[in-house]
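Me: I have a model open and would like to know what stands behind the words used for it. Could you take my questions one at a time?

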Amino acid sequence: MEAETTSTTLTARLPILNPGEYDLWLMRIEQYFLMTDYSLWEIILNGNKVLKRTVGETEQEYEPATAEEKQDRRNKMKARGTLLMALPNKDQLKFHSYKDAKLLMEAIEKRYGGNKESKKVHRTLLKQQYENFAGSSSETMDQNFDRLQKLISQLEIQSEVITQEDTNLKLLRSLPSE
C-alpha cells in the first residue's frame, strides 16, 4: 500500500502599514514572519550577525565564506527588504537608508508607534468614538456591526476591554429606527 503525501502551500499577504494603526500592523507583520520564515523575525528582533575576525589586535569585518554565513547574509537582506515593502510607498524612501533590519524596525516604531502621550490621546479618541457610535441608515446592519467591531478591536489593542454584552447593547441601541 502506498502512502499518500499531501502538501499544503500557505500564502500570506504582506501587511502594509497604515500610519494610524501601528500596533495592529506590528501584530500582523509578526504573524506574517512567523508563518513565512521565523529566522527573518529573529533577525529583526536581534539584529544582524556581524562577521568579524581578529587580526593582530584589531577586529576586521569579512565577507561570508561558508554556506551558513551566506544564508545569514541573504536572510538579513530579505528581512530588511520585506520590512521596506510593508511600508506605504510614500514612506519607503525615508527608511531606505537603514541597512540593518533591527534598526529599520526601531525607526518604524519610533515614527509610527508614538510615545505614551500620543497613545493616551489615541485611546481617548477611540473611547469617544465608541461612546458616540451611531448606526447609519445608509448602511446595512452588517456594515454597522463591522464598523463597531473594528472600533472595539482597536480599543482592545489599546488594552481597553469591552464585554460582549456591552457590544451587543451598543449595536442594538445605535441602529436607526427604520
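Reply: Happy to; we will go through burial, salt bridges, helices and one database record.

Reply: This is a predicted model, in which local features need pLDDT of at least 70 and side-chain atom pairs count only at pLDDT 80 or more, while totals for chains, interfaces and linings use all residues. Residues are numbered from 1 along each chain as its sequence is written, and side-chain values use heavy atoms, with hydrogens and water left out.

Me: Why is Glu21 called buried?

Reply: Buried means under 20% relative accessible area, exposed means over 50%, and partly exposed is in between (1.4 Å probe, protein chains only). Glu21 has a relative accessible area of 19%, so Glu21 counts as buried. Lys150 comes to 49%, and therefore counts as partly exposed.

Me: What makes Glu21 and Lys150 a salt bridge?

Reply: The term asks for a side-chain nitrogen of Lys or Arg within 4 Å of a carboxyl oxygen of Asp or Glu. The closest N and O atoms of Glu21 and Lys150 are 3.7 Å apart, so the pair qualifies. This pair links distant parts of the chain: Glu21 is in the segment before α1 (22-36) and Lys150 in helix α7 (residues 141-157), 129 residues apart. Helices here are DSSP runs of H or I with at least four residues, strands are runs of E with at least two, and both are numbered from the N terminus.

Me: How many salt bridges does this rule give?

Reply: The count is five. Among them is Lys127 with Glu160, at 3.5 Å from N to O. Lys127 sits in helix α6 (residues 116-131) and Glu160 in the loop between α7 and α8 (164-174), 33 residues apart. Another is Glu139 with Arg147, whose closest N and O atoms are 3.0 Å apart. Through shared partners, salt bridges also join Arg123, Lys127 and Glu160 into one network.

Me: How do you know that Arg80 has no salt bridge?

Reply: The nearest side chain of opposite charge, Asp100, is 8.7 Å away, so the pair does not meet the cut-off. For charge, Lys and Arg count as positive and Asp and Glu as negative, while His and the chain ends are not counted. Arg80, which is buried, lies in helix α3 (residues 67-85). Leaving out residues up to four places away in sequence, Arg80 touches His96, Tyr98, Lys99, Asp100, Ala101 and Leu104; contact means heavy atoms within 4.5 Å.

Me: Why are the buried residues of α1 said to be on the same side?

Reply: Tyr22, Leu24, Trp25, Ile29, Tyr32 and Phe33 are buried in α1. They cover an arc of only 160° around the axis, which puts them on the same side of α1; the arc is that of the directions from the helix axis to the C-beta atoms. Their cover includes α2 (38-46), α3, α5 (101-113) and α7.

Me: How do you know that the span of α5 agrees with what is expected?

Reply: The expected span is 1.5 Å times one less than the number of residues. For the 13 residues of α5 that gives 18 Å, and the end C-alpha atoms are 17 Å apart, which agrees. The buried residues of α5 pack against α1, α2, α3, α4 (92-95) and α6.

Me: Which residues does UniProt list as "coiled-coil region"?

Reply: The unreviewed entry lists residues 138-165. In the model that span is 68% helix and 0% strand, with its end C-alpha atoms 25 Å apart.

Methods. UniProt positions are given in the numbering used here, feature names are shortened, and annotations may be inferred rather than shown by experiment.
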